[in-house]
Amino acid sequence: MTHDIPSALAALKEWGVEGPFDFGLVLGTGLGPVADLVQNPVIVPYAHIPGFPKGQVSGHSARVVAGTIGKARVFVMQGRAHYYEHGDPAIMRTPIETMAALGIKSLILTNAAGSLLEDVPPGALSLIADHINLSGVNPLIGLNDDSRFVPMVDAYDPALRLSLKQAALASGVTLNEGTYHWFPGPSFETPAEIRASKMLGATLVGMSTVPEVILARRIGLKVAAISMVTNYGAGLFGGAPSHAETKSVAAEAGEKMKALLGEWFISR
Ligand code: HPA
């Protein structure tokens, strides 16, 4: 797939979306309502932007909501594409590079995830401090220059994480912190995979975000990622994840994400 950033920028400009933006925000399953924080929104369906995801996962919208939250100019992606939809781990490359071309320096990613910790139950929020990707899949495979050798120490920016913890305190939202194990999906994990994941040190599991973090770090964006726990991992504490459960819990617990991010953006 080619990554034609000028065409994406031109399409956005036709719809009245021009930089500079301060932040990019990607909203995962059930988290679309967080875009209600955006003031004076300009809405552009992905279908009108070359290189933006075309597929549909139920529980996801597929549109850009561009505007302001407090003083910050924010480019919100309401819905993402996943590796499992197309088998292309770089499916989010054009959107991420388009956001960078529009001036963002920091990218905030959100997702729905399974929890491996009993005291981080469905409905909880957790920062991602680090990830595990042992899948063999990487969005940079096939790139032929040294930019592919992306360092991944502090990929989840420590200063952004600190500021999100401060915003959590200020907004009265409990924010955990953990390690996210990426599974390509789309089937959920087996109980044996979840036990293995736990042994490896993961506290969260999910099917998104990690390829985006790698793509964003390649071009120097600062990244933060927040999981909304929708279920316990398969076989743990009665966990038997399903997409229906993911969607219904995300819809409820999305209010917490909205409170946290509202506070964080307004304090920028
Ligand atoms: N596993 C993988 N992805 C998920 C889960 C899960 O348990 N919950 C929400 N997304």
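## Salt bridges and a helix crossing

Lys258 is buried, with a relative accessible area of 19%. Keep that in mind for the first exercise, and remember that you're working with a predicted model.

**Exercise 1.** Find the salt-bridge partner of Lys258, and work out where the two residues sit and whether each is buried or exposed.

*Solution.*
- Step 1: Look at the side chains. Lys258 meets Asp36 in a salt bridge, at 3.6 Å from N to O. The cut-off is 4 Å, so this pair makes the list.
- Step 2: Place both ends. Asp36 is in the loop between strand 1 (23-27) and strand 2 (39-45), while Lys258 belongs to helix 7 (residues 243-266). They're 222 residues apart, so the bridge links distant parts of the chain.
- Step 3: Check the surface. Asp36 has a relative accessible area of 56%, which makes it exposed, because exposed means over 50%. Lys258, at 19%, counts as buried because the limit is under 20%.

Why can such side chains pair up at all? Opposite charges can pair when the charged atoms come close.

**Exercise 2.** Describe how helix 3 and helix 6 cross, and say which residues meet there.

*Solution.*
- Step 1: Start with the axes. Those of helix 3 (residues 93-101) and helix 6 (residues 210-218) come within 10 Å and cross at roughly 40°.
- Step 2: Name the arrangement. That angle makes helix 3 oblique to helix 6.
- Step 3: Get the handedness. The crossing of helix 3 past helix 6 is right-handed.
- Step 4: List the contacts. From helix 3 come Arg93, Ile96 and Glu97; they meet Glu212, Leu215, Ala216 and Arg218 of helix 6.
- Step 5: Sort these residues by type. You get 3 nonpolar, no polar and 4 charged.

**Exercise 3.** The count of salt bridges comes to 6. Trace the ones that Glu97 makes with Arg93 and Arg218, and say what they build.

*Solution.*
- Step 1: Stay inside helix 3. The side chains of Glu97 and Arg93 form a salt bridge of 3.0 Å, N to O. Both residues lie in helix 3, 4 residues apart, or about one turn of the helix.
- Step 2: Now cross over. Glu97 also has a salt bridge with Arg218, with the closest N and O atoms 3.0 Å apart. Glu97 is in helix 3 and Arg218 in helix 6, so this pair ties together parts 121 residues apart in sequence.
- Step 3: Put the pieces together. Shared partners join Arg93, Glu97 and Arg218 into one network of salt bridges.
- Step 4: Check burial. Glu97 and Arg93 are both buried, and Arg218 is buried too.

How values were computed: Residues are numbered from 1 along each chain as its sequence is written. This is a predicted model: local features need pLDDT of at least 70, side-chain atom pairs count only at pLDDT 80 or more; totals for chains, interfaces and linings use all residues. Side-chain values use heavy atoms; hydrogens and water are left out. Axes are lines fitted to C-alpha atoms, for helices over the stretch in contact, and angles run from 0 to 180 degrees between N-to-C directions. Angles under 35 degrees count as roughly parallel, over 145 as roughly antiparallel, 65 to 115 as roughly perpendicular and the rest as oblique. A crossing is left-handed if the near helix is turned anticlockwise from the far one by less than a right angle, and right-handed if clockwise. Contact means heavy atoms within 4.5 Å. Ala, Val, Leu, Ile, Met, Phe, Trp, Tyr, Cys and Pro count as nonpolar, Asp, Glu, Lys and Arg as charged, and the others, Gly among them, as polar. Buried means under 20% relative accessible area, exposed over 50%, partly exposed in between (1.4 Å probe, protein chains only).
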